Amino acid sequence: MSNKVSTRFAPSPTGFLHVGGMRTALFAWLVARQAGGQFILRIEDTDQKREAVGAAQHIIDCLNWLGLDFDEGPIYQSQRVKEGIYKKCAQKLIDSGRAYADPYTQQEVIEFRAQAKANKQPFLYRNHRPDNPPEWNGSQPLRFKSESKEYSTEDLVMGKLATGPEVIDDFILIKSDGFPTYNFAHIVDDLEMAISHVIRGQEFISSLPNYRNLHEALGEEPPVFATVPHVLNEQGNKKLSKRDGAKDILDYQKEGYLPEAMVNFLATLGWNDGTEQEIFSVSELIKKFDLKKVQKSGAHFDEHRLKWINGSHIRNLDIEKLYEKVEGYWPEPAKNYDREYKKRVLVLVQERLKYFSELPELTKFLFEDLPVNPVLISSHKQLKKFSKGELKAMLEQAKNSLEQSDFTIDDLTSRLNDLLEKTGQKPAVLFSLIRIATTQSPASPALAESMSVLGKDLSLKRINRQIKAL
RNA sequence: GGCCUCAUCGUCUAACGGUUAGGACACCAGGUUCUCAUCCUGGCAAUGGGGGUUCGAUUCCCCCUGAGGUCACCA
């Protein structure tokens with residue numbers, strides 16, 4: 001027995017990965033990295049009917065995106081089926097009298113179950129355990145001959161999990177198609193791969209006694225268990241699920257979320273370090289994460305919080321880094337602009353960017369002339385009180401001053417201030433007017449900064465255009 | 001229905017049995033010479049109910065309620 005820490009992420013390739021599954025993977029990865037141990041990716045593809053094409057690759061893409069590197073894998077269980085690994089272990093159980101062939105037809109088992117249900121009793125196969133089962137020829141299901149007894153398991157997250165003997169049953173080890181069930185395959189694999197910490201969702205709690213029983217039959221010590229509660233949907237009325245509209249993790253990548261922000265969000269969904277810290281780097285998480293501080297109750301998925309965390313991580317990026325990451329999110333006309341210009345644009349919008357696909361909306365006025373929109377003035381609560389002539393006069397006056405400017409932020413700022421005095425207008429009037437003229441946008445970054453990036457020619461051209469349109 | 005798990009602001013959460021029950025997100029209000037955002041200040045807002053134990057329960061015990069999970073030849 002080694003005391004080395006090994007964890008695994010063992011999804012079945014049945015579709016895309018959502019926040020809940022990803023969080024479980026992250027927890028397992030953090031535990032492994034913190035201990036300097038191994039993180040293994042194992043694809044549990046023992047149900048051919050449910051397998052979705054491309055799902056395994058998708059899982060790998062998700063892990064790669066978040067930087068959850070694995071030391072071993074992907075290991076495919078279907079491959080290990082071919083290698084006869086599960087059958088070999090099954091044979092050991094048969095030899096020791098702990099496994100037997102199921103003689104019933106599927107229809108008969110269904111009837112047993114229906115009968116139990118009609119009697120309002122939980123269904124237990126072992127109540128029908130045959131006295132003289134036939135020899136197993138591989139075409140019948142192979143069942144575990146269980147030993148019903150009490151178990152108390154210390155779970156790292158949940159604490160003590162105790163159950164009575166009534167929950168243990170003769171579950172199927174090998175299906176009639178020759179594939180092992182999850183219940184069998186994962187036990188064999190976790191043992192063989194020396195997994196020290198089994199970290200998974202709470203849907204397995206009720207199977208835990210069966211697993212303990214199987215470990216005993218195999219003569220092996222169980223690993224440490226850590227059972228993580230589910231992530232619930234936004235309404236909080238059910239666990240997050242694919243058919244319930246949960247998003248694919250890679251959708252967040254497409255929308256321009258930062259992987260380190262997603263990791264931060266996922267890790268703090270149901271976990272905190274006991275301090276008031278909210279924003280963590282990945283290396284801080286590796287240092288501080290602790291399964292014992294994971295919440296026992298399910299956590300609601302909250303996209304507001306994800307956006308806030310992402311915005312925070314974006315603000316912490318230096319411009320060079322941000323520039324690299326934002327590649328591919330620019331509005332179409334930005335392709336005609338050089339790197340330096342785009343970096344200046346980024347400085348302008350960095351603090352208001354929540355995720356990268358907002359970039360076009362936020363910056364398009366800096367790359368193309370937007371049509372003059374009269375509504376921006378007519379719906380403005382200050383500007384709509386002025387006549388067109390008055391507005392025109394203000395813009396003329398502004399133009400005359402700005403024509404003398406070198407368009408540095410300092411010079412623009414002082415000229416704008418002078419204009420305030422000369423026109424006797426409030427900033428809410430004068431600045432709004434110039435801002436609308438030069439951006440044609442309902443919202444935009446600070447005026448002097450925006451005009452400075454826009455440049456003298458364009459700014460004046462747009463002011464002229466606004467004057468003519470009035 | 002049986003079994004299991006869980007229960008603090010709307011949400012994520014903090015609180016050796018002794019705190020005005022704290023922080024963050026969201027929301028609202030004000031400030032930062034215009035808008036949006038950032039930042040700052042302030043506000044709203046919680047221990048599901050009932051019994052115990054205790055000088056004192058968010059905290060320990062019991063019951064109820066509510067929520068979730070599970071009872072597959074799915075994982």
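**Exercise 1.** In this predicted model, determine where alanine 194 lies and whether alanine 194 counts as buried, exposed or partly exposed.

*Solution.* Begin with the position: alanine 194 belongs to the loop that runs between α6 (182-192) and β9 (197-201). Next comes the backbone, where alanine 194 shows a positive phi of about 55 degrees although it is not a glycine. For comparison, most residues other than glycine have a negative phi. The last step is the neighbour count: a residue is buried at 20 or more other C-beta atoms within 10 Å and exposed at 12 or fewer, and because alanine 194 has 14 C-beta neighbours inside 10 Å, alanine 194 counts as partly exposed.

**Exercise 2.** Apply the steps of the previous exercise to phenylalanine 407, which has a positive phi although it is not a glycine.

*Solution.* Phenylalanine 407 is found in the loop between α16 (388-402) and α17 (409-423), and its phi is about 65 degrees. Phenylalanine 407 has 18 C-beta neighbours inside 10 Å and therefore counts as partly exposed.

**Exercise 3.** Describe how covered β9 is and which strand pairs with β9.

*Solution.* First, β9 is mostly covered, since four of its five residues are buried. Second, the partner of β9 is strand β10 (residues 224-228), and the two pair in the parallel sense over five bridges; in one of the pairings, histidine 197 has valine 224 of β10 as its bridge partner. Third, helix α7 (residues 208-217) joins β9 and β10 in a right-handed β-α-β unit.

**Exercise 4.** Work out which residues and elements of the protein surround RNA strand B.

*Solution.* Start with the residues: 71 of them surround RNA strand B, and the closest are Glu44, Tyr182, Gly270, Ser297 and Pro427. Then turn to the elements that give two or more residues to this surface, among them α5 (106-118), β7 (159-163), α11 (303-315) and α17. The element that gives the most is α18, with five residues. Sorted by class, the surface near RNA strand B has 25 nonpolar, 27 polar and 19 charged residues.

**Exercise 5.** Characterise the overall dimensions and the contacts of chain A.

*Solution.* Chain A has 20 helices and 12 strands, and its C-alpha trace spans about 105 × 50 × 40 Å along the principal axes. The radius of gyration of chain A is 32 Å, whereas a compact globule of 470 residues would have one near 23 Å. Buried residues make up 32% of the 470 residues in chain A. Finally, of the contacts between residues at least 6 apart in sequence, 77% join residues at least 24 apart.

Technical notes:
Residues are numbered from 1 along each chain as its sequence is written. Chains are lettered from A and ligands numbered from 1 in the order in which they are written. This is a predicted model: local features need pLDDT of at least 70, side-chain atom pairs count only at pLDDT 80 or more; totals for chains, interfaces and linings use all residues. The radius of gyration is taken over C-alpha atoms; the globule rule is 2.2 Å times the number of residues to the power 0.38. Two residues are in contact if their C-beta atoms, placed from the backbone, lie within 7 Å. A residue is near a molecule or strand if its C-beta atom, placed from the backbone, lies within 6 Å of it. Ala, Val, Leu, Ile, Met, Phe, Trp, Tyr, Cys and Pro count as nonpolar, Asp, Glu, Lys and Arg as charged, and the others, Gly among them, as polar. Two strands pair if DSSP finds at least two bridges between them. A crossover is right-handed if, with the strands pointing away from the viewer, the path from the first strand over the helix to the second runs clockwise.
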